[in-house]
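Me: Hi! I've got a new model open and would love a walk through it. Could you help me find my way around?

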Amino acid sequence: MSTLAIDGSSDRVRKDGWTTLAVGYADLFLLALALPVFLLAGWPLGGYAVAAGAWLLQRGIQVVALRRVTRAQRRGDRRGALGIMAGSTLARVWLIALAVLLVGLAEREAGLAAALLSAALFTVYLGTQFAARMLAP
């Protein structure tokens with residue numbers, strides 16, 4: 001007999017819901033935790049603001065792109081769904097890179113802070129996405 005048959009589905013969904021939530025938004029938790037670190041360490045808030053703004057914008061782009069991909073898949077348009085995913089992924093990476101570059105050109109220390117925060121956010125995001133795929137049934 002399976003664990004699902006013994007435990008029931010509602011308990012499993014409730015347990016997995018918190019895990020999914022924590023894994024899905026770990027990068028945003030890190031972004032929120034980074035603000036007090038920046039303030040206490042005296043690091044340039046311009047770097048934080050640019051990195052945070054670019055990160056939130058790229059997450060918004062991701063949400064819109066995933067909705068469009070879902071619609072394309074429902075229509076049976078695999079090529080269109082793949083194109084949306086590829087285009088949005090490239091746009092999101094370029095958005096972060098250009099934001100870091102521009103703030104770095106304006107103020108070197110702020111650019112370094114933005115680059116380090118963006119690298120940490122990408123690392124957490126990619127790690128949690130990998131973990132989510134590995135833990136998925």
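Me: My cursor landed on R71, so let's begin there. Which helix does R71 lie in?
Reply: R71 belongs to helix α4, which covers residues 45-74. Just keep in mind that this is a predicted model.

Me: Is R71 buried or exposed, or something in between?
Reply: R71 is partly exposed, because its relative accessible area is 46%, and the cut-offs are under 20% for buried and over 50% for exposed.

Me: What kind of surface patch does R71 help to form?
Reply: A positive one: R67, R68, R71 and R74 form it together.

Me: Okay, let me zoom out. How many helices and strands does the protein have?
Reply: There are six helices and zero strands. Following the sequence, you read the pattern α-α-α-α-α-α.

Me: And what share of the residues is buried?
Reply: Of the 137 residues in the protein, 26% are buried.

Me: Now for charges. How many salt bridges turn up in the whole structure?
Reply: Two, after a search of the whole structure. One of them joins the side chains of R59 and D27, at 2.5 Å from N to O. This pair ties together distant parts of the chain, since R59 sits in helix α4 and D27 in helix α3, 32 residues apart.

Me: Are R59 and D27 buried or exposed?
Reply: R59 is buried, with a relative accessible area of 12%. D27 is buried as well, because its relative accessibility is 1% and anything under 20% counts as buried.

Me: What about the salt bridge of R75, which residue is the partner?
Reply: The partner is D77, and the two side chains meet at 3.7 Å, N to O. R75 counts as exposed at 59% relative accessibility, while D77 is partly exposed at 30%.

Me: Back to α3, where D27 sits. Which residues in α3 are buried?
Reply: A26, D27, L31, A34 and F38 are the buried ones there.

Me: Why might positions with that kind of spacing line up?
Reply: An α-helix has 3.6 residues a turn, so residues three or four places apart point the same way.

Me: What span should helix α3 have, and how far apart are its ends?
Reply: Helix α3 runs over residues 26-41, and its 16 residues should span 22 Å at 1.5 Å a residue. The end C-alpha atoms are 22 Å apart, so the two values agree.

Me: What happens just after α3?
Reply: G42 follows there, with a positive phi of about 75°.

Me: How about the span of helix α6?
Reply: For the 28 residues of helix α6 (residues 108-135), 40 Å is expected at 1.5 Å a residue. Its end C-alpha atoms are 40 Å apart, so that agrees too.

Me: Which residues of α6 are buried?
Reply: The buried set is A110, G111, A113, A114, L117, S118, L121, Y125 and T128.

Me: L117 is on that list. How far is G47 from L117 in sequence and in space?
Reply: They are 70 residues apart in sequence, and their C-alpha atoms are 8.4 Å apart in space. G47 is in helix α4, and it is buried with a relative accessible area of 0%.

Me: And how far apart are L101 and A114?
Reply: L101 and A114 are 13 residues apart in sequence and 9.1 Å apart in space, C-alpha to C-alpha. L101 is in helix α5 and is partly exposed, with a relative accessible area of 46%.

Me: Which residues form the nonpolar patch on the surface?
Reply: L90, W94, L98, L101, L102 and L105 do, with about 690 Å² of accessible area together. L105 is found in helix α5, residues 78-106, and counts as exposed at 66% relative accessibility.

Me: Last one. Where is G24, and how far is G24 from Q129?
Reply: G24 is in helix α2, which covers residues 9-24. G24 and Q129 are 105 residues apart in sequence, yet 7.4 Å apart in space, C-alpha to C-alpha. At 22% relative accessibility, G24 counts as partly exposed.

Terms used. Residues are numbered from 1 along each chain as its sequence is written. This is a predicted model: local features need pLDDT of at least 70, side-chain atom pairs count only at pLDDT 80 or more; totals for chains, interfaces and linings use all residues. Side-chain values use heavy atoms; hydrogens and water are left out. Patches are made of residues with over 30% relative accessible area and no salt bridge: like charges are joined within 9 Å, nonpolar side chains (Val, Leu, Ile, Met, Phe, Trp, Tyr) within 5 Å. Accessible areas come from the Shrake-Rupley method with a 1.4 Å probe; for residues, only the protein chains shown count as cover. A salt bridge is a side-chain nitrogen of Lys or Arg within 4 Å of a carboxyl oxygen of Asp or Glu. Lys and Arg count as positive and Asp and Glu as negative; His and the chain ends are not counted. The place of a charge is taken as NZ of Lys, CZ of Arg, CG of Asp or CD of Glu. Helices (H or I, at least four residues) and strands (E, at least two) are DSSP runs, numbered from the N terminus. Buried means under 20% relative accessible area, exposed over 50%, partly exposed in between (1.4 Å probe, protein chains only). The expected span of a helix is 1.5 Å times one less than its number of residues.
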